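Here's a walk through one protein chain, starting from a single side chain and working outwards. Keep the 3D view open as you read.

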Amino acid sequence: MTELSHLISSPKSLLVFEVAARHGSFSRAAKDFNISQPSISRNIAQLEQDIGQPLFVRGAGGATLTEAGQLLFAAASEGLNRIADAVVTLRAQSEVQSPEIVLSLSNAFVTNWLVSRLAVLSDSFPEAVLRFDLVAGTRKKVAGEVDIATLITDPVPDAIVLAPEVIVPVCSPDYLSAHGRVAGPDAMSGENAVTGHRFLHLSDHPKSIWAPVLGKADAIGTGGIWHEFSDYAAIIQAAMDGSGIALGWLSVVAGSLRSGRFVPAWQGGWIETGRIVQLLSTRPGPMRPMARDIARWICARMDEDIEAVADLGAGPRVHREPQHNMWDGSGIR
């Protein structure tokens, strides 16, 4: 039997052909492969040259298979489906052989939100071995291959959304009793807004991140007392201990707001940035089934906290938009 590698220039052209034939469209194939339509056309043309016959009849309504194309499509579909079945079987075996789930998460998120739920999480997934890779500061990208990571991004299609990026200035109930809430720039000058208050600032961020709370006055960063930290978890702990006011990301402080360990520290509403905190996998292929189930569990518990905080009047109700493909792995890379 002649080897396939001696018959066609590249296996990629066969994969491209199968997708284009299945959709009956070069443009839809281009979208699936995240490449340009001319690149799809070049791959098909190369395959046709290797075979010596046209595979498609191109027209305004799309691409229709020729008789030769139908024969090749039937063979390609059967072969690729068998390969896909084998891959699914091997991945299932891998799940059994390697139950370790690597979670690359914010130190603050794990310490202040996930740890209190770790026992319930473990009981829900007794077969999972969890390994936490904690990130101290602001994350720009996810390094290495991990099963579940958090990243703040602009909205993207089919993302697993843990929470909207919402910022809530928070403090402890004792701090609020002693110092009162920050009135904000609309009620008083920037200088008076910070007088008598202590602010806990993450050094990764510019001081201007406080502008929605304190205004753009020169007092930001100079008025009041300012302490800077390189680790957001330390900021949250300091605020919880009554040391000052912190900017609380809802994905981190929702549970503490719900329990009453934190209270809103200013008279304004929640600051909605329009971005999202998403969960993603950086391993090749779709998210592993066990990791997907754990991500689903984490999102469900976060939804409960956000809804409970909204019900208590701490801020506006935040609804997650339906993510129809969020759990099928198609958008998780």
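Let's start with His201, which is buried: its relative accessible area is 2%, and the cut-off for buried is under 20%. Bear in mind that this is a predicted model. You'll find His201 in strand E7. What does His201 touch, once its neighbours within four places in sequence are left aside? Its contacts are Pro206, Lys207, Ile209, Trp210, Trp226, His227, Glu228, Phe229 and Ile235.

Two residues on that list, Lys207 and Glu228, also pair up with each other. Their side chains meet in a salt bridge, with 2.7 Å from N to O. Lys207 sits in the loop between strand E7 (198-202) and helix H9 (211-214), while Glu228 belongs to strand E8 (residues 225-229), so this salt bridge ties together parts that lie 21 residues apart in sequence. Is the pair buried or partly exposed? Lys207 is partly exposed, at 24% relative accessible area, and Glu228 is partly exposed too, at 47%.

**More salt bridges**

The structure has 12 salt bridges. Here are three of them, with the N to O distance for each.

| Pair | N to O distance |
|---|---|
| Lys207 and Glu228 | 2.7 Å |
| Arg258 and Asp305 | 2.6 Å |
| Arg22 and Glu18 | 3.0 Å |

Take the Arg258 salt bridge with Asp305, at 2.6 Å. This one links distant parts of the chain, since Arg258 is in helix H11 (residues 250-259) and Asp305 is in helix H12 (residues 289-311), 47 residues apart. Arg258 is partly exposed, with 39% relative accessible area, whereas Asp305 is buried at 2%.

Now for Arg22 and Glu18, whose closest N and O atoms are 3.0 Å apart. Where do these two sit relative to each other? Both are in helix H1 (residues 11-23), and because they are four residues apart there, about one helical turn separates them. Arg22 counts as partly exposed, at 46% relative accessibility, but Glu18 is buried at 9%.

Salt bridges can also join up into a group. Glu145, Asp147, Arg283 and Arg288 form a network of them.

**Two helices that meet**

Next, look at how a pair of helices packs. Two packed helices are described by the angle between their axes and by the distance between those axes. For helix H5 (residues 107-114) and helix H10 (residues 232-240), the axes come within 7 Å and cross at roughly 40 degrees. That crossing makes H5 oblique to H10, because 35 degrees is the limit under which an angle would count as roughly parallel.

Which residues make the contact? From H5 there are Asn107, Ala108 and Asn112, and they meet Tyr232, Ala233, Ile236 and Met240 of H10. By type, the contact of H5 with H10 has five nonpolar residues, two polar ones and no charged ones.

**Stepping back to the chain**

Zooming out, the chain contains 12 helices and 11 strands. Of its 333 residues, 43% are buried. How much of the contact pattern joins residues at least 24 apart? Counting contacts between residues at least 6 apart in sequence, the share is 75%. As for the surface, about 16900 Å² is exposed by the chain, and carbon and sulfur atoms supply 53% of that area.

Notes: Residues are numbered from 1 along each chain as its sequence is written. This is a predicted model: local features need pLDDT of at least 70, side-chain atom pairs count only at pLDDT 80 or more; totals for chains, interfaces and linings use all residues. Side-chain values use heavy atoms; hydrogens and water are left out. A salt bridge is a side-chain nitrogen of Lys or Arg within 4 Å of a carboxyl oxygen of Asp or Glu. Buried means under 20% relative accessible area, exposed over 50%, partly exposed in between (1.4 Å probe, protein chains only). Axes are lines fitted to C-alpha atoms, for helices over the stretch in contact, and angles run from 0 to 180 degrees between N-to-C directions. Angles under 35 degrees count as roughly parallel, over 145 as roughly antiparallel, 65 to 115 as roughly perpendicular and the rest as oblique. Contact means heavy atoms within 4.5 Å. Ala, Val, Leu, Ile, Met, Phe, Trp, Tyr, Cys and Pro count as nonpolar, Asp, Glu, Lys and Arg as charged, and the others, Gly among them, as polar. Accessible areas come from the Shrake-Rupley method with a 1.4 Å probe; for residues, only the protein chains shown count as cover.
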